[in-house]
Amino acid sequence: MTTLSDPVAPTHPGWLYRAEAWLDQKGKGAWIAAMVLGFVFFWPIGLALLAYMIWSKRMFSKSCRRSKTWRSHATAMTPSGNSAFDAYKADTLARLEREQHDFEAFLERLREAKDKAEFDQFMDERARAAREEENDKDGDA
């Protein structure tokens, strides 16, 4: 939700970080292929990749691709050197977070109202069916 929780790319990434980023870019299939190849060539590597995929939640997520804007999030909070602009940026980000929270609360209230309307409709239909059944019994007797 916030830019503070997004991962920050290291300034001089090593080969392991670059390999992870490359696999993330290719998708879950690349991770699975790497794991299978690890099992084929040297089983502890495949096991280590499997454990890492489960631990990092890459195995069960819809996609292991990182957001294309993760680099922009990493630079969003760095100061520009212009104090007026930094203050404006901080105020704007705070306002956007507040608006996002308000919008999510609105959507939740909207979902609750829809659920209540559907439930009320169900109960009305059920009561109407019970009355009709009771009228049918009274008419038959």
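Biologist: To start with one residue of helix α5, does E108 count as buried, partly exposed or exposed?

Modeller: This is a predicted model, and in it E108 has a relative accessibility of 39%. Buried would require a value under 20% and exposed a value over 50%, so with 39% the residue E108 counts as partly exposed.

Biologist: Which residue forms a salt bridge with E108?

Modeller: Side chains of opposite charge can pair when their charged atoms come close. For E108, the closest N and O atoms of the salt bridge are 3.5 Å apart, and its partner lies three residues away in helix α5, which means that about one helical turn separates them. That partner is itself partly exposed, at 47% relative accessibility, and the residue is R111.

Biologist: How far apart are the closest N and O atoms in the salt bridge between D120 and K116?

Modeller: D120 and K116 are both in helix α5, and because they are four residues apart, about one helical turn separates them. D120 counts as partly exposed because its relative accessibility is 33%. In the salt bridge that D120 forms with K116, the distance between the closest N and O atoms is 2.9 Å.

Biologist: Which residue meets the side chain of R95 in a salt bridge?

Modeller: R95 is partly exposed, with a relative accessible area of 35%. Its partner is four residues away in helix α5, which covers residues 83–140, so the two are separated by about one helical turn. The partner is also partly exposed, at 41%, and the N to O distance of 3.0 Å belongs to the bridge between R95 and E99.

Biologist: How many salt bridges does the structure have by this rule?

Modeller: The rule asks for a side-chain nitrogen of Lys or Arg within 4 Å of a carboxyl oxygen of Asp or Glu. The pair E108 and R111 satisfies it at 3.5 Å, as do D120 with K116 at 2.9 Å and R95 with E99 at 3.0 Å. By this rule the count is three.

Biologist: Is the aromatic pair of Y52 and W55 stacked, tilted or edge-to-face?

Modeller: The structure holds two aromatic pairs, and in this one the ring centres are 5.9 Å apart with the planes at 40°. Y52 and W55 both belong to helix α3, three residues apart, or about one turn of the helix; Y52 is partly exposed at 27%, whereas W55 is exposed at 65%. Planes under 30 degrees apart would count as stacked and over 60 as edge-to-face, so with 40° the pair is tilted.

Biologist: Which element gives the largest share of the largest nonpolar core?

Modeller: That core has six residues, L23, A30, W31, M35, L49 and M53, and among its members L23 is in contact with A30 and W31, neighbours within four places in sequence being left aside. The elements that give two or more residues to this core are α2 (28–41) and α3 (43–55). The largest share, three residues, comes from α2.

Biologist: What accessible area do the residues of the nonpolar surface patch have together?

Modeller: The patch takes its largest share, five residues, from α2. One of its members is V36, which is found in helix α2 and counts as partly exposed because its relative accessibility is 44%. Together, I32, V36, L37, V40, F41, F42 and I45 have an accessible area of about 720 Å².

Notes
Residues are numbered from 1 along each chain as its sequence is written. This is a predicted model: local features need pLDDT of at least 70, side-chain atom pairs count only at pLDDT 80 or more; totals for chains, interfaces and linings use all residues. Side-chain values use heavy atoms; hydrogens and water are left out. A nonpolar core is a set of buried Ala, Val, Leu, Ile, Met, Phe, Trp, Tyr and Cys residues joined through side-chain atoms within 4.5 Å. Buried means under 20% relative accessible area, exposed over 50%, partly exposed in between (1.4 Å probe, protein chains only). Contact means heavy atoms within 4.5 Å. Patches are made of residues with over 30% relative accessible area and no salt bridge: like charges are joined within 9 Å, nonpolar side chains (Val, Leu, Ile, Met, Phe, Trp, Tyr) within 5 Å. Accessible areas come from the Shrake-Rupley method with a 1.4 Å probe; for residues, only the protein chains shown count as cover. Rings of Phe, Tyr and Trp (its six-membered ring) pair if their centres lie within 6.5 Å; planes under 30 degrees apart count as stacked, over 60 as edge-to-face and the rest as tilted.
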